[in-house]
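Please walk me through this protein structure, one piece at a time. I am new to reading models like this, so keep the steps short.

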Amino acid sequence: MSEPVLVALRGASFAYEDGPVVVDGLDFEVRGGRALALLGRNGSGKTTLMRLLSGGLRPRTGELTVEGRAVGYDRKGLTRLRTTVQLVVQDPDDQLFAASVGQDVSFGPLNLGLSDVEVRARVDEALAALDITALADRPTHLLSYGQRKRTAIAGAVAMRPRVLILDEPTAGLDPDGQERLLATLDGLRASGTTVVMATHDVDLALRWADDAALLTPSGAHTGPAAAMLARTDLLGQAGLRLPWGIAAAELLRAQGLLPAAAPGPRTAEELSALTTARTGT
Ligand SMILES: Nc1ncnc2c1ncn2[C@@H]1O[C@H](COP(=O)(O)OP(=O)(O)O)[C@@H](O)[C@H]1O
Ligand SMILES: [Mg+2]
């Protein structure tokens with residue numbers, strides 16, 4: 001893993017007012033170009049960690065760095081952070097507030113003091129990336145849940161962040177909506193955005209992520225997704241189950257249908273291709 005560290009927490013601790021200690025002495029890195037899945041049970045601190053990484057919460061001890069430099073929590077420091085890291089919260093209704101889709105998506109770029117021409121260009125680009133250009137003038141309160149979710153993501157994309165952090169982005173979407181979202185994220189990644197997502201869907205994480213961070217009571221454990229998601233000890237501590245693709249790979253290896261070093265299937269299509277290749281049927 002030699003990709004540059006874009007955002008990092010060093011020795012970060014955080015507790016809510018009258019609340020539990022959620023993060024204690026945490027070291028956590030987001031590396032450029034690596035799709036990162038943040039996994040853990042409800043209440044394990046995924047949302048808190050994402051808010052610490054995007055500056056919405058400030059660590060009590062330790063520091064947040066962007067490209068190696070500590071973030072200042074003054075206006076200048078937070079602007080530098082927000083043009084590097086953008087968070088899309090889980091519930092789009094917590095993020096959308098303007099009357100129309102176009103107005104909502106333009107809010108961030110306008111706040112950066114960009115020219116009207118530049119704002120227009122960014123809004124058009126973000127709407128196109130999320131495939132919602134046709135919704136530009138639609139009142140936000142008339143959108144479906146999936147459309148509100150896309151609008152919220154477009155608002156973050158319009159800031160042209162280097163790191164886009166999504167809190168449980170597939171929650172509440174139907175299967176087709178999930179596939180469309182994954183395709184959109186692939187497009188953003190291809191254009192150079194580093195994407196981090198929180199989820200408790202281990203199958204989705206195995207399929208989508210390069211790296212996985214498992215949040216357990218003993219802290220965050222990060223590494224290549226396929227290896228981390230086979231760690232039954234950590235999955236148990238994190239309250240997660242084994243992805244079916246890992247279980248299928250173990251079965252295939254035991255049957256001599258998959259060489260020890262070969263990667264296992266991550267989707268039903270990959271499983272089908274593997275077994276067809278071996279049996280010739
Ligand atoms: N605003 C808040 N005030 C007090 N406690 C909170 C607040 N938000 C979250 N918590 C607590 O912090 C812990 C981590 O929550 P959270 O980061 O939301 O986890 P996750 O996103 O993994 O479900 C939980 O124990 C939760 O109850
Ligand atoms: Mg959460």
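Glu67 is partly exposed, because 13 other C-beta atoms lie within 10 Å, and a residue counts as buried from 20 upward and as exposed at 12 or fewer. This is a predicted model. Glu67 sits in the loop between S4 and S5. Its backbone has a positive phi, near 45°, in a residue other than glycine.

Now look at the strands around that loop. S4 and S5 belong to an open sheet of four strands. The order is S2-S1-S4-S5, with antiparallel pairing. Strand S2 (21–31) and strand S5 (69–70) stand at the edges. Each has a single partner strand, so one side of each is left without a neighbour in the sheet. Strands of a sheet pair through backbone hydrogen bonds, either parallel or antiparallel. Take strand S1 (residues 5–15) and strand S4 (residues 61–66) as an example: five bridges pair them in the antiparallel sense. At one of these places, Ala8 has Thr65 in S4 as its bridge partner.

Go next to the loop between S2 and S3, where Ala35 has its place. Ala35 is partly exposed, with 18 other C-beta atoms within 10 Å. What is in contact with Ala35, leaving aside its neighbours within four places in sequence? The residues are Arg189, Val195, Trp208, Ala209 and Asp210. Sequence distance can mislead here. Ala35 and Val196 are 161 residues apart in sequence, yet they are 5.9 Å apart in space, C-alpha to C-alpha.

Strand S3 (residues 36–39) comes after this loop. In a regular strand the side chains alternate between the two faces of the sheet. S3 can be read that way. Leu36 and Leu38 point one way, Ala37 and Leu39 point the other way, and all are buried. S3 has parallel partners. Four bridges join S3 to strand S8 (residues 194–199), and the two run parallel. There, Ala37 has Met197 in S8 as its bridge partner. Four bridges also join S3 to S9, again in parallel. Leu36 has Asp211 in S9 as its bridge partner, and Leu39 stands opposite Leu214.

Follow S9 itself. Five of the six residues of strand S9 (residues 211–216) are buried, so this strand is largely enclosed by the rest of the structure. S9 also pairs with strand S10 (residues 219–224): six bridges join them, and they run antiparallel. Asp211 stands opposite Pro224 in S10. S9 and S10 form a hairpin, with two residues between them.

Several of these residues come back in the core. In soluble globular proteins, nonpolar side chains tend to be buried together. Here the largest nonpolar core has 71 residues. Which of them touch the most other members? They are Ala37, Leu38, Leu39, Ile165, Ala205 and Ala212. Consider Ile165. Leaving aside its neighbours within four places in sequence, Ile165 is in contact with Met50, Leu53, Ser54, Val85, Gln86, Leu87, Val88 and Val196.

A short stop lies in the loop between H5 and strand S7 (163–167), which holds Arg160. Phi of Arg160 is positive, near 45°, in a residue other than glycine. Arg160 is partly exposed, with 19 other C-beta atoms within 10 Å.

Turn to a helix. H4 (residues 116–129) has 14 residues. From its first C-alpha to its last it reaches 20 Å, close to the 20 Å expected at 1.5 Å a residue. Its buried residues are Val119, Arg122, Val123, Ala126 and Leu127. Seen down the axis of H4, these buried residues fall within an arc of 130°, so they line one face of the helix. Why does such spacing give a face? An α-helix has 3.6 residues a turn, so residues three or four places apart point the same way. The buried residues of H4 pack against helix H3 (101–111) and helix H5 (145–157). After H4 comes Asp131, whose phi is positive, near 60°.

Finally, step back to the record. An unreviewed UniProt entry lists residues 7–242 as "domain: ABC transporter". In the model, the end C-alpha atoms of this span lie 29 Å apart. The span is 37% helix and 25% strand.

How values were computed: Residues are numbered from 1 along each chain as its sequence is written. Chains are lettered from A and ligands numbered from 1 in the order in which they are written. This is a predicted model: local features need pLDDT of at least 70, side-chain atom pairs count only at pLDDT 80 or more; totals for chains, interfaces and linings use all residues. A nonpolar core is a set of buried Ala, Val, Leu, Ile, Met, Phe, Trp, Tyr and Cys residues joined through C-beta atoms within 7 Å. Two residues are in contact if their C-beta atoms, placed from the backbone, lie within 7 Å. The expected span of a helix is 1.5 Å times one less than its number of residues. The arc is that of the directions from the helix axis to the C-beta atoms. UniProt positions are given in the numbering used here, feature names are shortened, and annotations may be inferred rather than shown by experiment. Two strands pair if DSSP finds at least two bridges between them.
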